[in-house]
Amino acid sequence: MNEIRTVGVAGCGTMGAGIAIVCARAGFRTIVYDTRADALERAREQTRAFFGKSVERGKLAAEELPKILARLEYATSLEALAPCDLVIEAVFEDLKVKHALFGALHPIVGEATIFASNTSTISITEIAGGSGRDDRFVGMHFCLPAQLMKLVEMSPGLNTSEASFERAWAFCKALGQNPVKTQDSPGFILNYFLIPFNNDAIRLVEQGVAEPADIDRAIKTAMGYAMGPFELLDLIGMDTQLLLCEAMHGLTHEPRAACPPLVRRMIAAGHLGRKSGRGFHRYGNARMFGA
């Protein structure tokens, strides 16, 4: 079994940046790819701020910080991912975009390289079908915020080899994460519940039942959740929520998965969540969660 030493993360939005932190922190050389140089620079700054705060809180030894940062590399060229033993995709929930990325990446990396998708709604088998290596393809759905949450939903596609899945599983354990195996089913475990649940919360606001802050407080107090639905939605981003809803509803036709109109209005107004400084709540900055 080939050991995974170098990891690529394709896409450095909220999720991709968090996954890169997890990989570098666990001791892996981590190459972060994005087509946007400004997004890479933002991810670099947020990563430094996150680890700086970890040192301040006593959760990370100060002498470890330069070692971790030295493991992180940033690139706008897809060819930079050539040495990777595993590439985790964290781009938009759009099948065509994912196919284009993996199709271009397939001839660049080595034969033994495993491809993984962080998708939370789209079929792993469908994504793998456009990758050129569907036997070396797995689903690895990290939870937001990836740098703090331990759960990873691991999903094999129909053609995923047992050896590839075992390598990816062992890597996930080496990250210090807690993997659970799921079948290639829409929403897997978490989003099967979360997308309709979050949409129900949005509809309560649309109907004037309660304000977002009060709903968040009620859910956290009564159910013990670390974040309320609107805090989580602001972290996810309204633009991403729209894509999640469209993908989930398109696959299941579940009425509760359909995107509430309020989300589209918020996108039009630029109220995307934490990354824009305003969503269902207001934020003084766009810092990474935990920084």
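**Cysteines, aromatic pairs and a helical serine**

Across the whole structure, a predicted model, the search for disulfides returns 0. Cys-12 takes part in none, its nearest cysteine sulfur being that of Cys-23, 14 Å away. Cys-23 is likewise in no disulfide, and for this residue the nearest cysteine sulfur belongs to Cys-172, at 9.5 Å. Cys-12 is buried, with 6% relative accessibility, and Cys-23 is buried too, at 0%.

Aromatic rings offer a good next stop, with 8 aromatic pairs found in the whole structure. One of them joins Phe-28 and Phe-171: the ring centres lie 5.0 Å apart and the planes meet at 70 degrees, so the arrangement is edge-to-face. Phe-28 sits in the loop between α1 and β2, while Phe-171 belongs to helix α6, and the pair thus links parts of the chain 143 residues apart. Both Phe-28 and Phe-171 are buried.

Phe-102 and Phe-137 also pair edge-to-face, with 5.0 Å between centres and 75 degrees between planes. Because Phe-102 is in helix α4 and Phe-137 in strand β6, this pair ties together parts 35 residues apart in sequence. Phe-102 is buried at 0% relative accessible area, and Phe-137 is buried at 0%. Ring pairs bring Phe-102, Phe-115 and Phe-137 into a cluster.

Charged side chains meet rings as well. The charged end of Arg-133 sits over the ring of Phe-115, 4.8 Å from its centre, and Lys-181 lies over the face of Phe-165, 5.2 Å from the ring centre.

Finally, Ser-54 is found in helix α2, which spans residues 37–56. Ser-54 is buried, with a relative accessible area of 11%. Beyond its neighbours within four places in sequence, Ser-54 contacts Lys-59 and Leu-60.

Key
Residues are numbered from 1 along each chain as its sequence is written. This is a predicted model: local features need pLDDT of at least 70, side-chain atom pairs count only at pLDDT 80 or more; totals for chains, interfaces and linings use all residues. Side-chain values use heavy atoms; hydrogens and water are left out. Helices (H or I, at least four residues) and strands (E, at least two) are DSSP runs, numbered from the N terminus. Buried means under 20% relative accessible area, exposed over 50%, partly exposed in between (1.4 Å probe, protein chains only). Contact means heavy atoms within 4.5 Å. A disulfide is a pair of cysteine sulfur atoms within 2.5 Å. Rings of Phe, Tyr and Trp (its six-membered ring) pair if their centres lie within 6.5 Å; planes under 30 degrees apart count as stacked, over 60 as edge-to-face and the rest as tilted. A charge sits over a ring if NZ of Lys or CZ of Arg is within 6 Å of the ring centre and within 35 degrees of the ring normal.
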